[in-house]
Amino acid sequence: MKRQLIGLFFIGAALLSLGWWMNRLMQPEEARTPGVRHDPDSYAEELVVQTYDEQGALKQRLQSRGMRHFEKTGITELQQPVLWHYNQQSPPLQMRAQDGLIRRSEESLHLAGGVVIDRPSGADTAPLHIVTQDLTLHFEDSFATTDGPVRIESDDQWMTATGMEAWLKGPLRLKLLHEVRGYYEFQ
């Protein structure tokens, strides 16, 4: 009788250990390593960063209400970022969003949460107002893209589409990708 009780005890302990081990394997990585914290390595409030081209002309200006940088992941989070992209041939583009994310590995800025792009009118350019949900800007190429819905307005004209590619160097060029609709007056 004692041997049966001892055998049942070992089988029960083995089942409990197996259950605990399986439960631990099913948990996300963060829950398994409670000693690892996800605090930022650096942060800033009211951040302003300016970049210049090879000739020393202002290329971009990034302003953010708050910034948190995580060195391990190479990710920088921005709160309410505003980016001005300067171009010698036309007035600057201003891009605003609720949130921003910079990935060191991609050298890109991902804007999310109601992205608005504005350009005032210039000597040879009409004003421009673009609204989309998200936008990814590749710094080196001055190239922006989105797969989401886009609305473009200029004076009394408008266009809507799903997806857009924008070349910001030189004269601004836009390529609307799918489901393009619009109202345009020829003069």
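How much area does the chain expose, and what share of it do carbon and sulfur atoms supply? In this predicted model, the exposed area is about 12,800 Å², and carbon and sulfur atoms supply 55% of it.

**Figure 1. Overview of the chain, with 2 helices and 11 strands.** The two α elements come at the N-terminal end of the order, and the β elements follow them. Of the 187 residues in the chain, 30% count as buried. Among contacts between residues at least 6 apart in sequence, 35% join residues that are at least 24 apart.

**Figure 2. The hairpin of strand 1 and strand 2.** Strand 1 (residues 42-52) and strand 2 (residues 58-70) run antiparallel and are joined by 10 bridges. Within this pairing, Val49 of strand 1 faces a partner in strand 2, namely Leu62. The hairpin leaves 5 residues between the two strands, and Gly56 in the turn has a positive phi of about 90 degrees.

**Figure 3. The pairing of strand 2 with strand 3 and with strand 4.** Strand 3 (residues 75-79) pairs with strand 2 in the antiparallel sense over 5 bridges. Here His69 stands opposite Thr76 of strand 3. These two strands also form a hairpin, with 4 residues between them. In its turn, Gly74 has a positive phi of about 75 degrees. Strand 4 likewise runs antiparallel to strand 2, to which 4 bridges join it. Leu62 has Leu83 as its bridge partner in strand 4, and Leu62 is also the residue of strand 2 that stands opposite Val49.

**Figure 4. The surroundings of His85 in strand 4.** Strand 4 spans residues 82-87 and includes His85. Is His85 buried or exposed? His85 counts as buried because its relative accessibility is 3%, below the 20% limit for that class. The side chain of His85 makes a polar contact of 3.2 Å with the side chain of Gln60. Apart from neighbours within four places in sequence, the residues in contact with His85 are Lys59, Gln60, Pro92, Leu93, Met95, Ser142 and Leu168. Gln60 thus appears both in the polar contact and in the contact list of His85.

**Figure 5. The salt bridge between Glu77 and Arg68.** The side chains of these two residues meet with an N to O distance of 2.5 Å. Glu77 counts as partly exposed because its relative accessibility is 29%. Arg68 is also partly exposed, with a relative accessible area of 36%. A search of the whole structure finds 3 salt bridges; the others are shown in the next two views.

**Figure 6. The salt bridge between Arg96 and Asp118.** The side chains of Arg96 and Asp118 meet at 3.1 Å, N to O. Arg96 belongs to strand 5 (residues 90-96) and Asp118 to strand 7 (residues 108-119), so the pair ties together parts of the chain that are 22 residues apart in sequence. Arg96 counts as partly exposed, at 30% relative accessibility.

**Figure 7. The salt bridge between Arg151 and Glu153.** Here the N to O distance between the side chains is 2.8 Å. Arg151 is partly exposed, with a relative accessible area of 32%. Glu153 is partly exposed as well, with a relative accessible area of 31%.

**Figure 8. The largest nonpolar core, a set of 25 residues.** Which residues have the most contacts inside this core? They are Leu78, Met95, Leu109, Leu111, Ile117, Ile130 and Leu135. At least two residues of the core come from each of strand 1, strand 2, strand 5, strand 7, strand 8 (128-138), strand 9 (143-154) and strand 10 (157-167). Ile117 is in contact with Leu93, Gln94, Met95, Leu128, His129, Ile130 and Leu135, when neighbours within four places in sequence are left aside.

**Figure 9. The surroundings of Leu135 in strand 8.** Leu135 counts as buried because its relative accessibility is 1%. Beyond residues up to four places away in sequence, Leu135 touches Met95, Leu109, His110, Leu111, Val115, Ile117, Ala144, Thr145, Thr146 and Met164. The C-alpha atoms of Leu135 and Gly113 are separated by 9.4 Å, and these residues are 22 residues apart along the chain.

Terms used. Residues are numbered from 1 along each chain as its sequence is written. This is a predicted model: local features need pLDDT of at least 70, side-chain atom pairs count only at pLDDT 80 or more; totals for chains, interfaces and linings use all residues. Side-chain values use heavy atoms; hydrogens and water are left out. Buried means under 20% relative accessible area, exposed over 50%, partly exposed in between (1.4 Å probe, protein chains only). A polar contact is a pair of N or O atoms within 3.5 Å; within protein, one must be able to donate a hydrogen and the other to accept it, and residues adjacent in sequence count only if both atoms are side-chain atoms. Contact means heavy atoms within 4.5 Å. Two strands pair if DSSP finds at least two bridges between them. A salt bridge is a side-chain nitrogen of Lys or Arg within 4 Å of a carboxyl oxygen of Asp or Glu. Accessible areas come from the Shrake-Rupley method with a 1.4 Å probe; for residues, only the protein chains shown count as cover. A nonpolar core is a set of buried Ala, Val, Leu, Ile, Met, Phe, Trp, Tyr and Cys residues joined through side-chain atoms within 4.5 Å.
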